[in-house]
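Q: I am new to this structure and would like a close look at a single part of it. Please take the salt bridges, and set them against the rest of the chain.

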Amino acid sequence: MVFSISPATYSYDTEADLALNPEDGWCEYDAPGCIGRSNGDSIFVDGGLKALLAISRDGGTPLETGVLNEDNKLDGEGPYRVVVPQKNVNPPDQASKADNQNVVWPYTENWDHSAGSCSRSATIIRVAPLPEGTTDVDILEAGWSYVDEEKILIYGAIADTDDVDKDNDDDKDDSDEDNDDSDDDNCFIRSALN
């Protein structure tokens, strides 16, 4: 899914930089995409911003598997998390639960934090519209077993169904059988490894 959103502005301040301010900082600026950027630089993404299905963070650390805590709230975010771009780009403000809000970017409730739109411990992704004849999933049946077993179900409009002979799949020409990428141009899902 590609989002047409205007370029983001890179926000940097030494006060927020956790590496320079380990006691009160809250931003890690060590990602490869931060190298060479200065505060106020525009960030352009070739091909537009995209929704991602995250399986790791910070160069390969697996996401912490989600569990319900004693207050019946979700701790953790994995094994899969849906990550979408911010709709309204703003600087990375301080965490809402941080004791020190007297900082360059204090927590601002009405800013788009995007985390609320980024489903943690994702188990099912339904791509609408559902093609005719597709059975919907009873989401109450999948739940925590999918999280515990590190499974995810992605279903719905993920390929151009016009290329498929629905009436007689057995008689379909299998000449593309050896080419796993034959439907790549029609597929909604792209692997980060491709």
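A: What follows goes through the salt bridges, with the overall layout before them and some other places in the chain after them.

The model is a predicted one. The protein has one helix and twelve strands. Along the sequence these elements come in the order β-β-β-β-β-β-β-β-β-β-β-α-β. The protein has 194 residues, and 20% of them count as buried. Its accessible surface is about 14100 Å², with 47% of that belonging to carbon and sulfur atoms. Among the contacts with a separation of 6 or more, 63% are between residues 24 or more positions apart.

Now the salt bridges. Searching the whole structure gives four of them. One of these pairs is glutamate 77 with arginine 57, where the closest N and O atoms are 2.5 Å apart. This pair links distant parts of the chain, since its two members are 20 residues apart. Glutamate 77 sits in the loop between strand 9 and strand 10 (81-83), while arginine 57 belongs to strand 6 (residues 56-57). The two partners can also be described by their accessibility. Glutamate 77 counts as buried because its relative accessibility is 11%, and the cut-off for buried is under 20%. Arginine 57 has a relative accessible area of 39%, so it is partly exposed.

A second pair is arginine 126 with aspartate 136, with 3.4 Å between the closest N and O atoms. Arginine 126 is in strand 11 (residues 124-127) and aspartate 136 is in the loop between strand 11 and helix 1 (139-148), so this salt bridge ties together parts that are ten residues apart in sequence. Arginine 126 is partly exposed, because its relative accessible area is 45%. Aspartate 136 counts as partly exposed at 42% relative accessibility.

Lysine 151 and glutamate 149 make another salt bridge, and here the closest N and O atoms are 3.0 Å apart. Lysine 151 has a relative accessible area of 43% and is therefore partly exposed. Glutamate 149 is partly exposed as well, with a relative accessible area of 46%. Returning to arginine 57 and glutamate 77, salt bridges with shared partners join Arg57, Glu77 and Arg81 into one network.

Charged residues also appear in a surface patch. Glu64, Glu70, Asp71 and Asp75 form a negative patch on the surface. One of its members, glutamate 70, is located in the loop between strand 8 (67-68) and strand 9 (74-75). Glutamate 70 counts as exposed because its relative accessibility is 85%, where the cut-off for exposed is over 50%.

Two residues in another loop give a contrast to that patch. Cysteine 27 is in the loop between strand 2 (8-9) and strand 3 (42-43), and tyrosine 29 is also found in the loop between strand 2 and strand 3. Cysteine 27 has a relative accessible area of 8%, so it is buried. Tyrosine 29 counts as buried because its relative accessibility is 16%.

What surrounds these two residues? Apart from neighbours within four places in sequence, cysteine 27 is in contact with Ala16, Asp17, Leu18 and Pro92. From cysteine 27 to aspartate 17 the C-alpha to C-alpha distance is 5.1 Å, and the two are ten residues apart in sequence. With the same kind of neighbours left aside, the contacts of tyrosine 29 are Tyr10, Ser11, Tyr12, Asp13, Ala16, Asp17, Cys34, Pro92 and Trp105. Ala16, Asp17 and Pro92 are thus among the contacts of cysteine 27 and also among those of tyrosine 29. Between tyrosine 29 and alanine 16 the C-alpha to C-alpha distance is 9.4 Å, with their positions 13 residues apart in sequence.

A last place to look at is alanine 115, in the loop between strand 10 and strand 11. Alanine 115 counts as partly exposed because its relative accessibility is 42%. Alanine 115 and valine 82 are 33 residues apart along the chain, and their C-alpha atoms are separated by 9.6 Å.

Conventions:
Residues numbered from 1 in each chain as written. Predicted model: local features only at pLDDT ≥ 70, side-chain atom pairs only at ≥ 80, totals over all residues. Heavy atoms only, no water. Patch = residues over 30% accessible without salt bridge, like charges linked within 9 Å, V, L, I, M, F, W, Y side chains within 5 Å. Areas by Shrake-Rupley, 256 points an atom, 1.4 Å probe, with all protein chains shown as cover. Salt bridge = Lys/Arg side-chain N within 4 Å of Asp/Glu carboxyl O. Lys, Arg positive; Asp, Glu negative; His and termini not counted. Charge placed at Lys NZ, Arg CZ, Asp CG, Glu CD. Helix = DSSP H or I, 4+ residues; strand = E, 2+ residues; numbered from the N terminus. Buried < 20%, exposed > 50% of the residue type's maximum accessible area, 1.4 Å probe, protein only. Contact = heavy atoms within 4.5 Å.
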